[in-house]
Amino acid sequence: MQTMSTRASWWMTAASYVWVWGVTSVTWPDRPWLCLGVSLWFGLAAWVVTRAPWPGVVLTAVGLVGLGLLGIGPEAPVPMGPLFIAAALLGYQRPPIWSVWSVPILVGVTATFGHWELQSIVFGTVLLFIPWWFGVQVRVRDDHRRRAAEDARRLAKVDPVVQAQLAAAIERDGVAASAFRAIDQAVEEMTGSARSARATLEAGAIDAIHRSGEMATQRLRDLLVVLREAPPAERRGALDDAEDGATAQRQDRASRHQRAVDLGLAALVLLDVLAMPLVMSLLSDDDVPAWPSVPFLLVVIVPLMVAVGVRGRFPVAALLGAAGVLLVGTAAGVADLGREGLWLTIVGVALSWSAGRAGTRPVLLAWLAFSVTTWAMVWLDMGYYLWIYLAMHLLTFAAAAIWSGHHAAETAHLLQVLDRQSEIADAEHAAVSRERLQLARDLHDAASHAVGTMMMQANAARVLLARDPDGARAALDAVVEIGGQATQELRVISTTADGSAGDSATAAGLGVGLSELLAPHVEAARRAGVHVSTSLDLRSVPSPRDAHLLVRVLREGLANAVRHAPGSEVVVRVSSSAGELQMVITNGPAPAVPGQDVAVTTTTGSGLGLRGLQELVGEARGELVAGAAGAGYELRASFPEHRAASETAVS
């Protein structure tokens, strides 16, 4: 439920009290105590509406019953202020599906005890619907403002350093699982060819070593180029372009919507003028208004339609032009202000809304000129309607000003969100770029020298093959030895360069449970903005190899949740059954934001994380499945347990 500040409550109370006291003082000049009592009652009702809307509506309805019993008829403007205030406040504080019932309730009570005719009931319902709708519009905009503020507060709690660390870690995991494995495979092929060549001393087998080395060199060169090009920056540029395009589209849609509303209101003015004779004939047996004259349509209605149609783009010109049209039409004797209908109310509401929304001094002065002109002409021609136009102009302007204030606050919060997103993305990209550069250096140090030396020894073996077979075998032995060392180094770098494997093994060796291994990553994700809960159901402590793989799965899942669904609920479940370990990471969607313009997420990453993780789980004879799960996302990894004894036997 929307709540109002104490200051706003006092303003509403004062407005209701002043309205009722001022009107009743004119109606009953010789009964001041009655005027005071009625005014205090409606002031109290307005205060209660701001705190407890429906009880406040009941108090307002009781006051309306009292006015009817005191003889206040439909021509008296006394109930108008309390009715408008109650309807607008209820529309703001309660959902539209419920608050809309305040309109028929209040009109029904007033019409019953005020002895309204059907014509007055219809027009009263339409008039009361307008302030209720204003309240609904302010509520919607306030909801957008609140959601934008919450997004800004949530993102403010995200630590860019932690987010960057997560991005760098997942980037290393992805590259290590693909780039290092690719070079490792090429080195193993060279080593296998060297073993075969040593046994046979065939030239073709030695040539195979050289061909594998050339392939490994080319693959290494390509990988180093990719790593040093830092494609995340390119993706960031593409993302920025996409966001700019989406913003332009939203602005274009908003502009088209505003034009459609302006044209619709302009058409409604003409429809009211043309349809009113028919409506009045259905509602009353009295004389009904004649069809509008051609001068009235051409001199007054059409120019006013133009003013309403251009009010969004040219508010000052629209307001001053409308005031001039009314003056000219009245001076020429063709402005039928007393004509039944809502055409002048529609014009006043539309122009007052655009003025309150603009909020600039020139627009305010133009609105005052238009409103004072309208009020003066209405007072001279049909004074009993003056209160309606006073209320509608002032209420509309105030509602639009409040709406505009909420919109400005929402925009400010969205800018904060975008700035924070940019800060986090910049930190992520910087960390990823540093990580990729370090990976390029590690890969070069571990593989480039080894592959080159192996190719050199293979060339030596080919040269020595005919005249020194033992020397050729020695060269091939060197290829095998260098290849074994390179393979071991690549695997160590790919699994322990970020510290996760070493930490897992050390912790497991010291008897630390899996929950202690997962805790730092869970805590880091929580600091990054997601809500993580864990559930472990294990029959024994996982081996270092299994613990490392589970940590890798956890880090991938949490990094994706932080990146693609910030602020979501993440559930991590680890279980073992029938000799199989399983980790399931489920995250819901990011929190919802109706009306709101701009999305609260980041997209850093090479896209190799899941692919590399699938390879790791596959090597463990397991399976990795990732995909949508309802409105969220699920990452599920399962693989056979590898006990320490079996690992010792294999090694």
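In this predicted model, L613 has a relative accessibility of 4% and therefore counts as buried, the cut-off being 20%. The residue belongs to helix α20, which covers residues 609-619. Its C-alpha atom lies 9.8 Å from that of E623, a residue 10 places away in sequence.

Across the protein as a whole, 49% of the 651 residues count as buried. The fold contains 21 helices and 5 strands. About 30,000 Å² of surface is exposed, and 62% of this area is supplied by carbon and sulfur atoms.

Two helices from the earlier part of the chain may be taken together. Helix α4 (residues 80-93) has 14 residues, which at 1.5 Å a residue should span 20 Å; the end C-alpha atoms are indeed 20 Å apart, so expectation and model agree. Because 14 of the 14 residues of α4 are buried, the helix is largely enclosed by the rest of the structure. Helix α6 (residues 102-114), with 13 residues, reaches 18 Å between its first and last C-alpha atoms, close to the expected 18 Å. Its buried residues include V103, L106, V107 and A111. The packing partners of the buried α6 residues are α3 (53-69), α4, α5 (96-99) and α7 (118-156). After α6 comes H115, which has a positive phi near 55 degrees.

The nonpolar interior is described next. Its largest core comprises 86 residues, and L128, V300, I301, L304, L319, W343 and F370 have the most contacts inside it. For I301, once neighbours within four places in sequence are set aside, the contacts are V269, L270, V273, F296 and W343. A second, separate core holds 34 residues, among them A450, M454, L476 and I482.

On the surface, V294, L298, V299, V302, V306 and V328 make a nonpolar patch of about 500 Å². Helix α11 (residues 294-309) contributes the largest share of this patch, with 5 residues. L298 is found in α11, and its relative accessible area of 57% makes it exposed.

Helix α7 brings together several of the remaining features. F123 is found in this helix and is buried, with a relative accessible area of 14%. Although F123 and L342 are 219 residues apart in sequence, their C-alpha atoms are 8.4 Å apart in space.

Side chains of opposite charge can pair when their charged atoms come close. A search of the whole structure finds 11 salt bridges. In one of them, the side chains of E410 and R141 meet at 2.3 Å, N to O. This pair links distant parts of the chain, with E410 in helix α15 (residues 386-464) and R141 in helix α7, 269 residues apart. E410 is buried at a relative accessible area of 1%, and R141, at 12% relative accessibility, also counts as buried.

A further salt bridge joins the side chains of D142 and R145, at 2.6 Å, N to O. Both residues lie in α7, 3 residues apart, or about one turn of the helix. An α-helix has 3.6 residues a turn, so residues three or four places apart point the same way. D142 counts as buried, at 0% relative accessibility. D142, R145 and R146 are linked in a network of salt bridges. Elsewhere, E634 and R636 meet through their side chains in a salt bridge of 3.0 Å, N to O; R636 is partly exposed, with a relative accessible area of 30%.

Notes. Residues numbered from 1 in each chain as written. Predicted model: local features only at pLDDT ≥ 70, side-chain atom pairs only at ≥ 80, totals over all residues. Heavy atoms only, no water. Helix = DSSP H or I, 4+ residues; strand = E, 2+ residues; numbered from the N terminus. Expected span 1.5 Å × (residues − 1). Buried < 20%, exposed > 50% of the residue type's maximum accessible area, 1.4 Å probe, protein only. Core = buried A, V, L, I, M, F, W, Y, C linked by side-chain atoms within 4.5 Å. Contact = heavy atoms within 4.5 Å. Areas by Shrake-Rupley, 256 points an atom, 1.4 Å probe, with all protein chains shown as cover. Patch = residues over 30% accessible without salt bridge, like charges linked within 9 Å, V, L, I, M, F, W, Y side chains within 5 Å. Salt bridge = Lys/Arg side-chain N within 4 Å of Asp/Glu carboxyl O.
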